[in-house]
Amino acid sequence: MSFERPAGGGVGFKKITFGKISLASSSSTPAEESTKKTEESLVEEPKENLKDKPEEDGNQGGFGSFSWDKAKGQEDGAEGGGGDDKDKGEIVDEADEEMKKMMGFSDFGTSKKPEQQKSARKFSVKELMEQIKSSKKAAQGGTDTKIEVDMEGINIHENESATVSKDDSAEEESDDEVIGPMPPPSEPAKKRKDAVWSRMKSKDGDDDDDDNDSDSSSEEEEEDDDAVSSGSDDEEDRTRLFPLTDQLTMEHGNQPVTAMAVDPPGGRFATGSIDYDVKLWDFTGLKNRHAFRAMRPCECHPIRHLSYSSSGDALLVVSGNAQAKVMDRDGSELLECVKGDQYIVDMAKTKGHVACLTGGQFNPKQRESFITSSDDGTVRVWDVNNPRTHKTIVKLRNSKGGKSRATACCFSRDGNCFMGAGIDGTIFMWDTRRPLVLPTATIKNAHTPNTDTFCVVYSNSGLQVASRGEDAVVNIWDTRNWKQTLWKSDQHPAKYATTDLSFSPDDRHLLIPSLPPGTSAREKSETATHSILYFLSMQDYTFTKQMDFENQILIRSAWHHRINQIFLSSSTGTFSILYDLNKSNRGALLVHGSKPKKQRATVVTEDFSGKIIITPSSLPMFKGDKPRNPKREEIKARMDPVKSRRPDLPITAGSGGRVASGGSTLSSFVIRSIGMQKSVKDDMDPREAILRYAKEAEENPIWVTPAYKQNQPKTIFHKEEDDDEAPDTKKQKMV
């Protein structure tokens, strides 16, 4: 901001500047133009010439100078022909002295000379970029590349001549610079970048004088090859995470394995079968291919479902009875759900199920909550801390409002919703964050009425739901729109009611164990020779891959997200684990390559004629079991009276010999109870033993004689009269 004296003369003011901001009037006078030229000439002069000039009064600082300019005033006074210069200079000194007395300082700037003032350090982005490029050239051996950034992505171009003049292109490069992180490259930009890099690698070692036409033709050929192989690359990308190279097969029993569960950490898993057995397996102890615990938790009821809690410390066992059980990791029973009263019509008034269970699952987020469904038409939510009654109950109703048998149930991945399927083909969904008076969503005619719905399962993201039933139909829905199915197929029959579905860890595929289309094997006349495991793509709903399993029917399937291994159970009593040495971790890899111990075979001897010779002592029935613990066997032998030859123990009752004194007959007991001091031997006649005390009884009567002493002092006995007449002979009966 500048103030100039009018043309008629007067006092001149020095120009005031604030940092880098200078304010000038819109209309410039000839005097102003002359002052600008003089200022430019002073700036262009070197610092050495400035030393010879006299110092100006007033101090300069970063915020300009706020003082009178003596020299300027003198010049202006000379031009204007008037004004007292001395008085003007004195005004400046007096003002400085007054300010110093009042405020302690004389001006707002520094007293340093202009040549002594420090200036801020300046950096040139262009020079820094050129230094980086030169260092890259030295590292790459002279190859010159230039990186250009645009809105589509990152493009890499070769520049044979990359020398750019600094003065001409300084402003252009400063405008093109991008501040902040680079934007992500788009798909076309990625393809172009990959093509250029592959071409640059292929040209290593070649001459640098190749024509541009040959380069462009090679790029076009590579793009054509990429377009042709895009289909195979997409298929490889879909199957690149499939752990299907190796297989581990173990035996559970002789009956179909209808239930299977893997704990969330992936260290243990459990299997259940129709033979009522539940076996617990640990990957660290699978060298001998044996379970570390086998039990029958539900007596003679087949196992239908198994489910681990979210922490893996509890196992839910759902069998054919009305009471579910919860076991710990080692197989000990933690609780058993209460059974309801079957004589109550309203199922909401009972504390538990009254019919056989059809499904169950632990809450994926809450380790103390689990769900069960039953043939009594209810789905109940339980709390581990209170097994004496259910926590929540919902009743399934058909289209007519009647009772509908529940055939399957499941929790969502976030634990906020649960589903139940009815016998009429309807699927219901409830949200626990809302009142459970009515279902939140209802899918009618999802499956054929009067057929069982085998499985209902949520995806890991919770956006899709899949179901399968006895009618060989597999449905997939979007949880945001229940009115229309995303995919439906009726070519997946199943024999067992516990056949399920499972999603891949990334929700890109759905595993469907199925029999060949057109065969159900649910009738005695039908026989299934093999089964198929389908991998359904959730992107375009096509089968990415399918695997055939000969001489067995797949029932259960599970794809674990941590160890990346697929668990399959079959009808032959075996279960398999599919894994890959490069794509899987832990789990079956811990026992990869190790073989179970071989059992000793029975030695059979043959004579020269070919007949088998069997010695009786070599037969298993004549061989005793080898003691596993000699000390324990010795303790058992000491407790056996035959092996230890223990003598007979004395009898506490009876008298004489091994019989204790006191007698073991009724008369001896009566005599002892009366208070006899002397014992009566068992070999003595009881009559004689009593008559021994007849004289003492007369002299000192105790019982009978004192009673008749007053009214009948003299004893009167009954005398029998002698009849001389002979008795009448008995008449013989007439035949």
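Which residue in β18 is the bridge partner of A421? In this predicted model, the bridge partner of A421 in β18 is I427. The report below places that pair in its sheet, then turns to a second pair of strands and to a patch on the surface.

**Overall composition**

The protein contains 14 helices and 32 strands. Of its 735 residues, 32% are buried. Among contacts with a separation of 6 or more, 49% link residues that lie 24 or more positions apart. The accessible surface of the protein amounts to about 49,500 Å², and carbon and sulfur atoms contribute 51% of that surface.

**The sheet containing β17 and β18**

The residues A421 and I427 bridge within an antiparallel pairing of β17 with β18, which extends over five bridges. These two strands belong to an open sheet of four strands, ordered β16-β17-β18-β19 and paired in the antiparallel sense. At its edges stand β16 (406-411) and β19 (441-443), each of which pairs on one side only. On average, and with direction ignored, neighbouring strands of this sheet are turned by 15° against each other. As a general point, side chains in a regular strand alternate between the two faces of the sheet.

**The hairpin of β4 and β5**

A second antiparallel pairing joins β4 to strand β5, again over five bridges. In this hairpin, five residues lie between the strands, and G266 adopts a positive phi near 85°. One bridge of the pairing involves A259, whose partner in β5 is G272. Is strand β4 enclosed or exposed? Six of the six residues of β4 are buried, so this strand is largely enclosed by the rest of the structure.

The two antiparallel pairings are set side by side below.

| Strands paired | Residue ranges | Extent of pairing |
|---|---|---|
| β17 and β18 | residues 417-422 and residues 427-431 | five bridges |
| β4 and β5 | residues 257-262 and residues 268-273 | five bridges |

**A nonpolar patch on the surface**

Which residues make the nonpolar surface patch of about 530 Å²? The patch is made by I702, W703, V704 and Y708. One of these residues, I702, is found in the segment after α14 (694-699). The relative accessible area of I702 is 58%. Because a residue counts as exposed when this value is over 50%, I702 is classed as exposed.

**Summary**

The model thus offers views of both interior and surface: strand β4 has six of its six residues buried, whereas I702 is exposed and takes part in a nonpolar surface patch.

How values were computed: Residues are numbered from 1 along each chain as its sequence is written. This is a predicted model: local features need pLDDT of at least 70, side-chain atom pairs count only at pLDDT 80 or more; totals for chains, interfaces and linings use all residues. Side-chain values use heavy atoms; hydrogens and water are left out. Patches are made of residues with over 30% relative accessible area and no salt bridge: like charges are joined within 9 Å, nonpolar side chains (Val, Leu, Ile, Met, Phe, Trp, Tyr) within 5 Å. Accessible areas come from the Shrake-Rupley method with a 1.4 Å probe; for residues, only the protein chains shown count as cover. A salt bridge is a side-chain nitrogen of Lys or Arg within 4 Å of a carboxyl oxygen of Asp or Glu. Buried means under 20% relative accessible area, exposed over 50%, partly exposed in between (1.4 Å probe, protein chains only). Contact means heavy atoms within 4.5 Å. Two strands pair if DSSP finds at least two bridges between them. Axes are lines fitted to C-alpha atoms, for helices over the stretch in contact, and angles run from 0 to 180 degrees between N-to-C directions.
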